[in-house]
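Thank you all for coming; I would like to take a few minutes to walk through one model with you, beginning with its charges and ending with some details of its backbone.

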Amino acid sequence: MINDQFYKRRYVISGIAVVVVLVYIIRLFYLQVIDQSTKNQADNNALVKQTIYPSRGLIYDRNGELLVFNQPIYEITMVMREMKKDWDTTAFCACLHISRSEFDERITEIKDKRKNRGYSRWTPQVFMSQLKKEDIATLQEELFLFPGIQIQKRTLRDYTYKAAAHVLGSVGEVSQSDIDRDDYYARGDYSGRDGLERTYEKQLRGEKGVEVLMRDVKGRIQGSYQDGELDRIAKAGTDLYTTLDIQLQLLAEELLQGKIGSAVAIEPKTGEILALVSNPSWNPKVLVGKERSKNYNALLQDKTKPLMNRATQAMYPPGSTFKTIQSLVCLEQGAITPNTLYPCSGPGSTPIKCTHHHGSPVALDRAIEQSCNPYFWCAFRDLMQKDNKDIHKPYEKWRNAVMQFGLGQRFTDTDLAEQSAGSIPSSQLYDKFYGKDGWKAITIRSLSIGQGEILVTPLQLANQAACIANEGYYISPHLNKNDSMRIHRHNLDIQKKHFEVVKEGMHRVMVYGTGRHYAVDTLHMAGKTGTVQNPHGRDHAIFIGFAPVEDPKIAVAVVVENAGFGATWACPVATMMIEQYLTGEVKRKDLRKRIGETVLNESVKKW
């Protein structure tokens, strides 16, 4: 009989053997199927996966003029594991015309996992980037001497015109947060940092490709692996057609040279932005290539704030340009009619004086023509006093009507990223200042003429002009020509007949009023000038307008800071923009030269 003790032990031994086999099987499965690191290490010994970067999409203006294109550049990558101890660092530095200390400093940065969280000895790391062909010519000839080094072809942005920097934006190296947020990116990649480049980054960037190459035991490239079966072709980015008219943009930038200000032009019926100018600006080329960081810091430290897009971010009281909105709201809410008369005593008027001498009393069309402050104060007063017991209800009704024009809020259904909301003050704000029963119409009388706590952006002013040109609606201002924005229509709760009266008043401004000196005889223009009080210096000059009155094709807003009268500076800039867009040229050569060459602010630099 078999010994029971040894007989039972065989089951234990068999069980142990089965467990060991299972452990080996599971471990092999893990290494070969789940954990790819061993396979990757083996592959890296025999294969090179080279990223093929796509060409970035081109950017055009509304007429097909090329604005932004690409030029070839190169970057040098290195795989640390392949750089043997006898690697000739001195010869490598000589090929690139860099010092040994520069080499060591860059290697230290690459290996610093706090700065380079994606560091691996097995994967390519960017050593130098944004190099021109002549920079890598010597290295290219000697590349076989430096195992682990690769030269990658990339593209860099270039520009046809020295214009539209704020609109187009720039491209720069991605940050770690970009990489964490989107696995498309790796260290050393580039993406749009601002403007249209950022807004349409996913459209413009395209899709990366991969080329798998095979190398021999000495690390030398032998050609494509499996005849390129594992390769993936890069797909170029999609081109972007903008709404800009580059010739109009160039003119506006020329006219604002030596000045601090902005200009915005919109096609009223579509909301397409024809020009978006902020000055000071810069040549887009200065934020390209190896000098980008240095130049960006210089722009950042410039006291005139060129990096700020004044067209969409600067905020100003609208001044007399607001009288057009005041007219429409007071008409719609029944405080006045087109024939309502109010007296004016010129500079002797109280509590708000008039800056013009004209007949009295005046009706609405002439009040707009002569920019009569007392008229609009009286209209606003009568509107606020419709309910004698409490100002809150008429004030909030007035405020809501004003905000229909796109004031006091950002345009959220648009591709304009950097915007300020402006401000149309609420009744709660005045309750906080004066107490719930401590304010009335006369307390906030400055609002009647576009001063006080009202703040608007130049973009909002241009949209205001478009609302009036369209007689009761606007389509959110935008920059992508291919974007179907017509569903983004905003209808104002104001009757069409009221716009006819205001448009006539604005036309009279250009025939008899403050804009008459810069009107173009052959163009039927409507406009409104504004001179805005500025506690920090000279008044700001403002103008809004559109043309032709009977079928508006362009609406414009211009702001020139610390320039004085709106009729003197903002008005001629706007009317020349209108003339350029509607006729294809500015015939008033002397005016163009005078405005363009006049420097109003000596601190404005040319970048």
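The protein carries 79 positive and 70 negative charges, and the mean positions of these two sets are 4 Å apart, where Lys and Arg count as positive, Asp and Glu count as negative, and His and the chain ends are not counted. The place of each charge is taken as NZ of Lys, CZ of Arg, CG of Asp or CD of Glu.

I should say early that this is a predicted model, in which local features need pLDDT of at least 70 and side-chain atom pairs count only at pLDDT 80 or more, whereas totals for chains, interfaces and linings use all residues. Residues are numbered from 1 along each chain as its sequence is written, and side-chain values use heavy atoms, with hydrogens and water left out.

Turning to the aromatic residues, a search of the whole structure finds 20 pairs, a pair being rings of Phe, Tyr or Trp (its six-membered ring) with centres within 6.5 Å, called stacked if the planes are under 30 degrees apart, edge-to-face if over 60, and tilted for the rest. The rings of Trp87 and Phe92 have centres 5.0 Å apart and planes at 55°, so this pair is tilted. Trp87 is buried at a relative accessible area of 10%, and Phe92 is buried at 0%, where buried means under 20%, exposed over 50%, and partly exposed in between, with a 1.4 Å probe and protein chains only.

Tyr395 and Trp439, by contrast, have ring centres 5.6 Å apart and planes at 90°, so they form an edge-to-face pair. Because Tyr395 lies in helix α16 (residues 392-403) and Trp439 in the loop between α17 (427-434) and α18 (458-469), the pair ties together parts that are 44 residues apart in sequence; helices here are DSSP runs of H or I with at least four residues, and strands are runs of E with at least two, numbered from the N terminus. Both Tyr395 and Trp439 are buried, and they belong to a cluster linked by ring pairs, which also includes Phe322, Phe380 and Trp398.

What joins Asn279 and Pro280? A cis peptide bond does, with omega of about 5°, and Pro280 sits in the loop between β12 (272-279) and α11 (292-301). Another cis peptide bond, with omega of about 0°, joins Ser360 and Pro361.

Finally, Ala164 has a positive phi of about 60° although it is not a glycine, and at 3% relative accessibility Ala164 counts as buried.
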